[in-house]
Each structure stands twice: as structure tokens, then as C-alpha cells.
Amino acid sequence: MSGMGTGLNSNNPTVVSAFHAALLKQGLVVLLVLFLVAVAWNLLRSAQLRQAAGGEGEVVAAAESRFIPEPVARRLLRVSFGLIWIFDGVLQAQASMPLGMAPEVIKPAAANSPTWVQHLVNALVTLWSYHPVNVPAAAVWIQIGIGVWLLVAPRGTWSRLGGAASVGWGLVVWVFGEALGQVLSPGLTWLFGAPGAVVFYCAAGILLALPERSWATPRLGRTVLRLMGFFFAGMAVLQAWPGRGFWQGQPNPSAAAGTLTSMVQQMAQTPQPRVFSSIASSFAGFDAAHGWAVNLFAVIALALVGASFLSARPRVVRVGVVAGVVLCLADWVLIEDLGFFGGVGTDPNSMIPMALVFVAGYIALTRARGTEVPATMATKSAAPSWRERLLARPTYTFRTIAAIGALGITLVGAAPMALAATDPHADPILSEAVDGTPSAVDHVAPSFRLTDQYDKTVSLQSLRGKVVALTFLDPVCTSDCPLIAQEFRDADGILGSESRRVELVAIDANPRYVTRDYLVAFDQQERLGDVANWRYLTGTLPQLEQTWSAYGAQVSYAPAGAMVAHSEFAVVIDGRGRMRYMLDADPGPGTEATQSSFAVTLADALEQAMANP
Amino acid sequence: MGRLDQPPNTFWQLLFLPTGTSSWSDEVEATAVATNGGLVLAAGGRGLVVGVRPSNRLRFSPLIASSDAGRTWSNGLLSEGLAEHPQALAVDDTGQAVALVGGRGEGLARVLLSAAGLSRWKTLTTASSLAAVPGAKACGLGEITAVSLLAGSPVAGASCARPGVVGILARRTGKWELIGPPLPSSLHRGRVEVLAMTTTATTLTVLVAVSIGAADDLVAAWSADGGQDWRTSTALPVSEGLQLASVGQVSGDGLFVLMNRRTGADELDVVDGPGVPWTSLPSPPAGTATVAFPPGATPEALVVHEAALTVLGLTSASSAWVQSQVLRVPIQYGSSN
């Protein structure tokens, strides 16, 4: 779809540099946050030491010392998902993310999903495409922030809030970034990560957000394993379903490859270290030769693992967990190809998070009894208040301040993303990437005297007092000119009420089609009739040639059925008739994002000319 | 010409054979508009009108006209896009023109008549109005596929849903009437689509495709009295795998039909007029885009491969196609992207 994505090469140096510069600036803000955390820690620690010297903190410290440690299963989830979020955040900082993520990852993820899912996903594609610096940078800091949050807050409200933040951001990613994990598209398979890695991030986040007493009994572990058991059993049925291409390999090179074979062949093409591509290629070859057997193994393995989880008997579950982990690791290496290569890999895919969830479930099932919170400890009256703990217990103090710092890191990303989401216009960085920055000039604009689409004479003199955006358009152009006209129209919209001080002027740039009929037809085609300050001018060929020459516009016939070649630029002329800015008007890939971006750049130049007459 | 698998790099060309010469030329003054959407040619007594089909972001059709064999050109304009049919534009000896616009997802199909020159047009009828006229109801009028002018009166050709009825409609005394020729009884079960329609001063010539099941036949028909009486040709069966590539006039009231086959030899058939059977000419070379029948000369096959046009003449002695010219056209690849 024209309009989705930016259309720019994913390693466009202008955008990549701006992305890295934004990360650097935001990194400095993060450093400031860390500095404030250190200052706060220092102040509170000083207060603690003063209290300790006075003997006031001893009672609270003694009470704290009787608290039981964090359940192992919870700690496993918290630390591992904290590290995974940080790893994902670092992956988001790859150079290809600003321009590659939307067209290469987000959009294809929704390609086979129902239309309503595609509409949901398009919201993020548009946001990402319009703001290719702020939004990817936001994703970096939000994910690193959540990861740090989970790592530094092992207990209490801050820890549970970290879990909730993980769920919230995970849902955003799952719905808008992964097209609901592609669960509504054909070809859904456990082998390739259904129902999406982020579902397990959310699952872990939900578990972390539960009250601590939930971890005190085996009930939570049993519930997790049952859910995973149903999930594995369902995936086994799906995997066994005939007619989905999983039972076939590729009997010979000319035959159509089975679903799994072609998936792995595709993965092997991802840019990555040779050792991983050769592993994926080897497995693709193996599956091509033994497609039926591979699928039979997958179906049986999934079914057995699912059945063992559903049994909820620790010994049986232990075997299932070991088998499940081995299966997940094998799938991660052989089929998912580790998931994060290629420059736009956003996470290590689903197998590791999935394995962590069911391993945590197993630990919660088998080790919960030893960690039960004594009733006397769990009562509010027995526990010191947060203020008392903050002033009395160094570890609690540190963790609380660190968690607030982590929230600060998350906000470093979330705030610009929220701002970007409210801005319907694309970032000017896109037009800069296509055309460079507008050149400031200062000389008298050449005069002209031509006729507009309404048969009225228009001269530069007659436009004095208004700021003029002027360009040259071919009325029968099939590619760029309609886009440039729309960019002018969009710039007019951005200016709002200020547009009454502006005239948008285009001069016919086709030596054959110079009659007014063509200007009217072009205006109808581009719905410019309702733009009050739009003037499309023409004249006799000599008049036009003189104007082209005066402004340095090159116009020439092209042979063999090609359209007329002409310069694509725009000039901004102030109310005194002086040229103030010159803009390259090449619309580049002509997507909605670049069109909107050029409009913002043009509107900025017009505002500058109005502000500094 | 160009890269025919890439619409933005496929450029339709205006080529001409100057009078008194045997070499084709592309030295036509530039159309000054991209021709990726196709060209529709209409010839009349006063010269040639070329309509440029919309493409990419262009939604209307520029027209250019020449009355001096392409030396100078004037402009016209259709504020809507010419329909996607090779016979969507026609012009008569007086310079009056008729055009078919819209259809196929580009708005309601309409038949327009030039009001003054080639820049002012008035709507004569629409597809839905035409379908409501009594005769057209009997035909089950489908898509309008061709327009023409016969002695100043507009004529439209269309497909008919009802078997055995030919959808030729003419406007007489302000009303449209179905005047389509009757088909031979052997084809009464077939659904008919008008493929081509040409007129000379007095004669209306049409070519129709008749489909019965999977089998197709082509039938030409002529009327010299404005559609009162018709004479038809024998049916030309279209072999399986053949696809119509080009239709045109030969000298007098004759027609040629070029059919391409995906694999194997193409087929070129000619019918010289009413009552004369179809004649198969030697298979033209692979890649033949169209065939020209210059007056007083042997037929020439125009073979296109990317930017090269190869002209091959049919020798009367050996009945073989012999290369006579290779013309390289300076295509501007990428200019329409």
C-alpha cells in the first residue's frame, strides 16, 4: 500500500544518524536520572545512618530481618524477564530499526491476518513511519526501563508494578507490533513461535504482579502448568491437522516445499553468522527429506509435554519440563534461528520465554511449601510501614529508589512516544533524508505575469504582502507533481489560520499542455478546488519559458513515451518579494509519511518567512 | 515497448511509416506525457487523434491530434480517463469525435461526444442508461467495449449477456437502438462481445467474439446502410491456447486478426470483406505485437523486444517473414516511477 512505511532505504544515513543522536541525548537524560537516584540514595542513607546512631532503626531492622526471601520461581521469572527486556531494548537500538521495522517486521506480521487486525497494526505502522526517530528510541528506553525495573525491585508494590508494566507494554507490542502474535492468520504453529513471544512476557508479568501470598502454595504452579499443558496439547492438535503443509517436506527440488521447510529455508536467508545459517539450512534439508517424520515427532513431543503438564504430578511434570526445555531449545536453534538476527530482530523469539514460564511453574509447584509466609508475618500490623522501612533498611531504600529510577528510564521513552502519537504530521527528518534541509537565500524573486486556473492575471507584484510558496508542476505528470501538489495542500492545512497570509503558487511546467483546461483538470484530479489560496498559473509558451528560465527551472521534452522532465523544487518568497528559502521538492518514495514530512518542512519555512518579514 | 512485465517501464510508442518510404520511424514529436497506461488511436479524414490512457497518478486523458502526418500537433482533453479498450476513441471525417470513458473500476462508463474541438465534451449516454433502452434490455447489455461514428451518428459496441444477440447500438434521431447484426443460426447459443468496430464513409465493420462453452469463434460483419442490412463472414474458430493480440483494418473493408499463443506459433488471419472466407497467413514471428498492411505493399510484422522494434516483411515468393528493419527506441526506464 502506498503510504504505509516511509519507502526509504532502511539504512538511510540521515535518519540513522538522527536516531543515534536521539538515543545519545536520551541516554544523557537517563544518566541524569541515575545521578538523581544516586543523590537520593545518598541522602536517605545518610538519614539511615543518623537514625542508626540514635538507635531508632533497630526495631524495624529486626522486624525486616525476619522476612522470608523471594520465592525462587518468582525470582527466576523476574530476573530472566528483566534481562530479556533489556536485551530487547538493546536490539531496538539497531540501526535498521527506524526505517526497517515498520515495512519489514510490523507490516508483514499482519499481512495474512483479518482486515481489522491489519487496521490495528497500521496504527503503529503509521506512528512508526511518521516518527522514525522518536518512536524507535522510545521503544529502546521503555524496554530497558522495564527490564531494569524488574531487576532492581524484588519485593513489594514496586516489584508488582514492574510486572504490571511488563504486561501493559507487552500487550501493546503483541496487539500492534505482532498482529496478535499472528494467531488469526493461517499457518499458525508452535514451531514458529505461536502465539507470539510477548504473550509469555505478559504471562510472566501477570505472575509477577500477583500478590506475594499467591506464591505461598503449589496452587499457582499447578495452574501455570495446567494452562501450559492445554496450550501444548492444543498446539499438538494444530500441528497434526492435515492440509496445512506440515506433513510434507520437499521430495525433490522442483516440488513445492512444505510449510516448515519453506519457513526454515527463509530463516536461513536472514543475514547472520554463517554457523547459524548453516544450522538452519541443514535442518531445512533434513525436513525436506523427512518432513512427515519431523512433524510426527513434533506432534508427539508436544502432546507428551502437554500431557505431563496436565498431570500436575511433580515427577511426571519434571520429565515433561526437561523434555519441554530440550524441545524449546532445539526449536529455538533449528527453526526459529535464534530470532534476533537480520538487523530488525526485536527479541529472541518465543521459546526461551515460554520455557521460563513453565519452568517457573514447575518450581512454584514443587518448592512452594517451603516458602509459605507465616500468618504473623503477612499481617499488616506486624510489618513496618514503607516510610519506616525506607528510613531503616538500606536494601529496601536502595530498591525503592532504583525502581523509581527505572520508571524514570521508562518515561524517558514513553513521554516522547506519547507526544509523537498526538502529532498527526510526520517528522521533518524524512524530508531531510530525501531532499536535504531547505537552503536559506536572500535575493529578489524574479517577477512573472501569468494567468491562473480561474482565468485571472496573477503577477508576483499582485501577491506582495503575502508569503508565497512557489513551484513548477506538469499538469499531466503521472508521478511526482500530484504528490508535490498534495504536499502543498498539506502544508496549508498545517498552517491553519495562518494560511490566509500565504499563497500557494504552481507554474505549469509542460511545454505542450499549456491551456487552462489542463490546470482545471489537474485541480479536479487533486481536489485542489477547495484550497482558497491555491493558484496554478499558465501563459503562452514564451511567457512560461521566460519564467522557467528566470527561476532556473529546467523543462525539456523526453522521448519515447516518457513524461516531460522538469526540475522539482519550491521557493519561499516573503511579502516583500524576496526569495527566502529554496527547497528540493522531489517527493522521493511518495509515501504518506514522506509527503506529510515535506509538508511540515514547507510549513516551517513559510512560518519562518512570516515570522521574519 | 520496454519491460513489459513492469507497468511503469512499459511505454506505448507512436510509430509511423512515412508515405513513400519503407522504413518505420519513431521520430514523432514527443507526446509530453507518460504513456504507461496505453495509447488509443483514432483516424479520420482530417488526421489522427491520440488519446493517452491514465496511468499511475494521472486520472484524466490528454489528447493530441495531428492533421499533417505528425509534423505538428494540437491538444485536446478528456477530463476523465479513456476506457481500457483499444476502440475507446473514434473520429470521423468532419473532425467530430466520440469517446468512451470510465468503466472497469474507474467510475461509470460513459459515452462522450466532442462539443467543440477536442477539449469540450458532452455526455451522450451512460452504461446504465444504455442498458435501459428497449433493445439493449433484450441483449442484457454488459460492458461497453467500443465506440464509433457512422455518418455523424454515434455507435457503441458492447457485450451481451443474452446468447445470440450482438450489442451494436446506434443513436438515431436522439434515441439509441440496438442494430446488432443477426448471427448465423449455428452461433445462436453463443454469448457475444464486440471486439472491434470501424467505419468508413458508408460502411460499418465490426468484429465480434462468440463464446459457446469453452469454444470461441470470431465473426466479422459489415453494414453499408447504417445497420439495416448486415452481411457476415464465416466463423473463424479460435484454437485453444490462442489469445487475441491485435485487430486492425486491411485495405478496403477487410480485417486482420493476430492471435498469440503462449507456446508455439502465433496465428494471423485475414478476411477481405463480406462473403469471403478467412485466410490464414504464415505464422508471424514470436513476439509479434501487431501487423501492418501498408497500401500496395506486403504485410509487415512488428516484433517488440524491450527497446527494439524489429520489422519483418512477408515475402510473396517464399511466404516467409524476412527482417527488414530494426529500430531502437530510446526508452527512459525509471522515468515513470
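Here are some short exercises on this structure, each with a worked solution.

This is a predicted model, in which local features need pLDDT of at least 70, side-chain atom pairs count only at pLDDT 80 or more, and totals for chains, interfaces and linings use all residues. Residues are numbered from 1 along each chain as its sequence is written, chains are lettered from A and ligands numbered from 1 in the order in which they are written, and side-chain values use heavy atoms, with hydrogens and water left out.

**Exercise 1. Get to know chain A**

Task: Find how many helices and strands chain A has, and what share of its residues is buried.

Solution:
- Step 1. Chain A has 22 helices and 10 strands. Helices (H or I, at least four residues) and strands (E, at least two) are DSSP runs, numbered from the N terminus.
- Step 2. Of the 613 residues in chain A, 54% are buried. Buried means under 20% relative accessible area, exposed over 50%, and partly exposed in between, with a 1.4 Å probe and protein chains only.
- Step 3. Along the principal axes, the C-alpha atoms of chain A fill a box of roughly 95 × 80 × 40 Å.

**Exercise 2. Classify an aromatic pair**

Task: Work out which kind of pair the rings of A:Phe232 and A:Phe309 form.

Solution:
- Step 1. A pair of aromatic rings is described by the distance of the centres and the angle of the planes.
- Step 2. Rings of Phe, Tyr and Trp (its six-membered ring) pair if their centres lie within 6.5 Å; planes under 30 degrees apart count as stacked, over 60 as edge-to-face and the rest as tilted.
- Step 3. The whole structure holds 20 aromatic pairs over all chains. For A:Phe232 and A:Phe309, the centres are 5.6 Å apart and the planes stand at 85°, so this pair is edge-to-face.
- Step 4. The pair links distant parts of the chain, 77 residues apart: A:Phe232 belongs to helix H9 (residues 219–240) of chain A and A:Phe309 to helix H12 (residues 291–311) of chain A.
- Step 5. Both A:Phe232 and A:Phe309 are buried. They belong to one aromatic cluster together with A:Trp190, A:Phe200, A:Phe231 and A:Phe358.

**Exercise 3. Describe two helix packings**

Task: Find how H9(A) runs relative to H12(A), then do the same for H7(A) and H8(A).

Solution:
- Step 1. Two packed helices are described by the angle between their axes and the distance between the axes. Axes are lines fitted to C-alpha atoms, for helices over the stretch in contact, and angles run from 0 to 180 degrees between N-to-C directions.
- Step 2. The axes of H9(A) and H12(A) come within 7 Å and cross at roughly 160°. H9(A) is therefore roughly antiparallel to H12(A). Angles under 35 degrees count as roughly parallel, over 145 as roughly antiparallel, 65 to 115 as roughly perpendicular and the rest as oblique.
- Step 3. H9(A) passes H12(A) in a left-handed crossing. A crossing is left-handed if the near helix is turned anticlockwise from the far one by less than a right angle, and right-handed if clockwise.
- Step 4. The residues in contact (heavy atoms within 4.5 Å) include A:Phe232 and A:Gly229 of H9(A), and A:Phe309 and A:Gly306 of H12(A).
- Step 5. Now take helix H7 (residues 156–177) and helix H8 (residues 197–209) of chain A, whose axes come within 7 Å and cross at roughly 155°. H7(A) is therefore roughly antiparallel to H8(A), and their crossing is left-handed.
- Step 6. In the loop between H7 and H8 of chain A lies A:Pro195. A cis peptide bond joins A:Ala194 to A:Pro195, with omega about 5°.

**Exercise 4. Buried or exposed?**

Task: Decide whether A:Ser596, A:Asn349 and B:Thr173 are buried or exposed.

Solution:
- Step 1. A:Ser596 is in helix H22 (residues 592–611) of chain A, and its relative accessibility is 7%, so it counts as buried. Leaving out residues up to four places away in sequence, A:Ser596 touches A:Tyr130, A:Pro424, A:His425 and A:Ala426.
- Step 2. A:Asn349 has a relative accessible area of 18%, so it is buried. Its phi is positive, about 70°, although it is not a glycine.
- Step 3. B:Thr173 has a relative accessible area of 81%, so it is exposed. B:Thr173 is in the loop between strand S11 (167–172) and strand S12 (175–178) of chain B, and its phi is near 45°, a positive value in a residue other than glycine.
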